[in-house]
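Me: I'd like to learn how to read a model like this one, feature by feature. Can you walk me through it?

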Amino acid sequence: MPTKSLFAEYDPGENFCEITTSAGGKNNPVARKLSRYNLRTLNQRNAAAERELKNLGITFTVYSDAGAIDRILPFDPLPRQITAADWNLIDTGCIQRVTALNAFLNDVYGKQQILKDGVVPKALVLKNKHFRKEMLGVKLAQGAYTHISGVDLIRDQNGEFLVLEDNCRSPSGVSYVIENRHLMMRSFPDLMEGTKILPVSDYGKRLRGKLSETAPPRIQKPNIVLLTPGVFNSAYFEHVFLAREMGVSLVEGRDLFVDDEDRVFMKSISGLQRVHLIYRRIDDDFLDPEVFREDSMLGTPGLMRALKAGKVTIANAVGAGVADDKAVYAYMPRIIDYYLGEEPILNNVKTWICREKEDRAYVLDHLDELVVKPVGESGGYGIVIGPKATKAEIRDVRKAIKKDPANYIAQPMISLSVCPTLTPRGVAPRHVDLRPFVLTGKDSWVLPGGLTRVAMREGSLIVNSSQGGGSKDTWVMR
Amino acid sequence: MLLSRFAENAFWLGRYMERVESLARLLWVTEAFAADQDSGEAWAPILSVFADEAAFAERGKAPTALNVARFYLTDRNNPNSAVAASFMAKENARSLRHLLSTEAWREISVFNDDLAALQKRRFSLSKLNDICLSLRDGCYKHRGVMAATCYRDEVWRFHQLGGALERADQMTRLIDMKYFRFDIDDIDDVTPPDVAWWNTLLRSASGYHAFQRRHSFNADAGDAAHFVLCDPYLPLSVTNAAEASFYQLGRLERDFNAKPGAAIVAAANALESRLASPPAKLNGRALHRYLDAIQQEIIALANALNDRYFAPAG
């Protein structure tokens with residue numbers, strides 16, 4: 001008797017499936033190989049993989065009275081695949097987008113031409129909580145503001161990739177991309193054998209290379225450090241991972257020191273050592289108590305002096321967050337056109353801007369169909385999903401929009417694509433998104449694939465790890 | 001160039017793991033000897049050696065073998081316990097993780113989890129021997145994985161330096177268990193430990209057979225003390241551990257230009273000459289005072305290391 005296919009009872013319904021709809025459907029090579037596994041093997045290997053994640057400390061840490069608990073990000077052993085043609089689109093689309101974002105940031109902290117031309121409302125930028133007036137007129141090496149960017153993509157029912165959100169501050173998750181691949185190579189060597197996938201393992205080298213291109217002038221071999229808030233930060237593993245992959249020091253604010261000549265040093269066992277570039281994983285607010293929050297214990301006094309004096313590069317640049325605001329996002333098609341004179345390669349999800357009168361009227365008329373998002377929030381907080389909201393929630397959000405329209409955007413309800421996922425009841429469709437990572441120095445490079453986040457709960461569209469999402473290995477086919 | 005903070009983490013990772021190992025050894029010696037002697041009083045001296053009488057008393061339990069052993073193995077609130085030391089080792093390793101081999105982190109993490117699981121399983125006295133040996137073996141594994149996988153950079157040197165100093169310090173405490181009472185004035189009838197106790201200690205330090213080879217059949221307690229303190233070839237001897245720490249200091253200067261400075265040199269010299277000139281008779285009060293002096297020199301050296309490498313001005 002032939003073995004039952006793993007996908008025998010798998011039904012993605014109306015959704016676009018990354019394995020069984022994409023690339024020739026169930027006959028594509030990855031789908032065929034996967035279908036030969038039985039559930040028991042899959043569960044066993046998955047359990048072994050998760051144990052290994054824990055032992056290797058590929059974890060985020062939760063501190064409580066009982067001590068430190070290391071938790072793993074749930075891992076799903078069924079990979080997501082991206083065809084070469086799809087990847088070409090994502091690759092060029094992400095580079096186009098990040099090029100425009102950097103041009104926009106150079107402009108708003110420089111001549112502010114886009115504001116003068118009325119393409120983007122002045123108040124949207126200048127009154128944005130991520131706008132840093134301290135950066136006005138500061139010249140940055142290569143004009144790089146967002147050195148490391150994450151472009152969050154979703155895929156609609158027709159299989160079109162759409163940009164959901166830009167991340168220009170400290171996009172996280174790249175460590176899982178690489179560790180998930182290592183884990184798959186260890187756990188599923190038979191599946192990987194003969195499958196042609198673009199590699200992800202040189203990310204650290206690429207990152208160091210791209211960052212080096214943005215070192216202060218005349219520095220040939222910059223001393224790069226990664227600035228972490230410390231072991232209590234939930235993303236600490238990623239900081240460890242990146243410092244290790246780049247071969248640079250992982251420092252905390254207290255390890256750095258800025259002298260009277262605005263030079264940055266780190267305190268070493270042989271005295272003070274000069275630092276030229278800081279890849280920081282702490283927010284602007286905590287970076288420099290001389291300029292921002294005085295009570296910050298995480299930063300180092302004087303970093304902004306050093307930055308303005310051109311003696312250190314800070315990546316991502318201070319103030320880059322103004323570009324990834326959800327309100328600015330809505331203007332991205334116009335921003336791409338303004339700076340590059342191009343059509344967007346990757347479209348935005350259709351977005352209504354509540355500060356604009358016509359859009360607002362439409363939104364208020366269609367609240368029960370739309371997804372309303374407060375701008376300036378992240379991690380999926382504060383979102384009202386019209387079709388699933390109660391009458392009271394609709395009433396509240398209507399009131400809120402009328403009171404402060406500039407604080408809201410709305411988007412249609414889009415069903416994210418799905419991917420076969422191992423669940424306690426067998427293989428079932430679960431919604432996924434995709435976060436490719438873009439590195440920018442003299443030019444930009446995109447890590448093939450990116451982080452596929454998966455909503456582990458049936459029907460859930462929320463993939464954020466802070467709300468129970470997991471991740472998958474992401475295969476870009478050659 | 002290594003950050004001062006990481007040098008300190010590496011140093012303490014070495015110290016804390018060594019502390020777990022020494023604790024396992026100390027409990028093993030006590031248990032092995034007490035079982036032999038049927039003596040309920042064998043356990044209280046541990047509390048004295050670590051100055052833990054008050055902390056133990058707070059728990060309101062009699063100093064029985066089981067209570068003291070639990071206090072030192074699984075009591076999370078006792079900073080001198082194995083589970084607390086292991087936790088601290090892991091936290092130091094966590095800060096240092098990007099500079100450790102993945103194998104080393106994995107081993108530290110698994111070791112810590114295993115030890116933490118121990119507290120949930122209420123162990124009985126009959127299992128103490130096995131628990132101590134498996135803890136000790138876990139520490140050996142740590143040393144082995146570090147030796148097999150760690151890049152020989154400053155992190156390695158500081159880790160070895162911390163381990164060596166802790167080893168020297170803990171060995172003096174192990175011996176002092178039977179000698180500290182000689183220095184308490186109102187006790188004038190202290191019985192020195194007999195050969196049987198020394199044999200147990202020698203076995204715990206993996207030195208029993210070497211001692212038999214080195215010494216005639218009528219060797220006494222003083223010879224055993226001299227062997228464990230001053231023998232340059234016994235891995236766990238105080239002299240050997242101190243020499244290992246001096247060697248690491250030399251390599252730090254030579255390979256990484258981490259100059260020790262006058263205070264460290266002076267402290268190391270003081271410790272070295274102290275170990276080179278033990279008192280003529282290594283017994284009773286003289287031995288206790290000698291152990292005490294060695295401990296003071298080790299503390300002075302650790303303080304000098306702190307001032308120079310771990311907490312520099314800036």
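**Reading the fold, from chain to residue**

Reply: Start with contacts. In chain A, 70% of the contacts between residues at least 6 apart in sequence join residues at least 24 apart. Keep in mind that this is a predicted model.

Me: How many helices and strands does chain A have?

Reply: Chain A holds 15 helices and 23 strands. Its radius of gyration is 23 Å, close to the 23 Å that the globule rule gives for 478 residues, so chain A is as compact as a globular protein of that length. The C-alpha trace spans about 80 × 60 × 50 Å along its principal axes.

Me: And what percentage of the residues of chain A count as buried?

Reply: That's 46% of the 478 residues.

Me: Okay, sheets next. What is the strand order in the open sheet of 3 strands?

Reply: General idea to begin with: strands of a sheet pair through backbone hydrogen bonds, and the pairing is either parallel or antiparallel. Here the order is E8-E9-E10 in chain A, with antiparallel pairing. Strands E8 (256-258) and E10 (271-275) are the edges, each pairing on one side only. Ignoring direction, neighbouring strands of this sheet are turned by 40° against each other on average.

Me: Over how many bridges do E8(A) and E9 of chain A pair?

Reply: There are 3 bridges between E8(A) and strand E9 (residues 264-268) of chain A, in the antiparallel sense. To find the register, look for Val258(A), which stands opposite Val264(A) in E9(A).

Me: Now the interface. How many residues of chain A are in contact with chain B?

Reply: People often give the size of an interface as the accessible area lost when the parts come together. Here we can count residues instead: 21 of chain A are in contact with 22 of chain B. Helix H2 (39-56), helix H9 (236-246), strand E7 (249-251), E9 and E10 of chain A each supply at least two residues of the side that touches chain B. That side of chain A divides into 10 nonpolar, 8 polar and 3 charged residues.

Me: Let's finish with one residue. Is Leu207(A) buried or exposed?

Reply: Count the neighbours: Leu207(A) has 26 other C-beta atoms within 10 Å, and 20 or more is the cut-off for buried, so Leu207(A) is buried. You'll find Leu207(A) in helix H8 (residues 203-212) of chain A.

Me: Which residues is Leu207(A) in contact with, leaving aside its neighbours within four places in sequence?

Reply: Those are Met246(A) and Leu439(A). Also check Ile148(A): it is 59 residues from Leu207(A) along the chain, yet their C-alpha atoms are separated by 8.4 Å.

Technical notes: Residues numbered from 1 in each chain as written. Chains lettered and ligands numbered in written order. Predicted model: local features only at pLDDT ≥ 70, side-chain atom pairs only at ≥ 80, totals over all residues. Pairing = 2+ DSSP bridges. Helix = DSSP H or I, 4+ residues; strand = E, 2+ residues; numbered from the N terminus. Axes fitted to C-alpha atoms, helices over the stretch in contact; angles between N-to-C directions. Contact = placed C-beta atoms within 7 Å. Nonpolar A, V, L, I, M, F, W, Y, C, P; charged D, E, K, R; others polar. Rg over C-alpha atoms; globule rule 2.2 N^0.38 Å. Buried ≥ 20, exposed ≤ 12 C-beta atoms within 10 Å, placed from the backbone.
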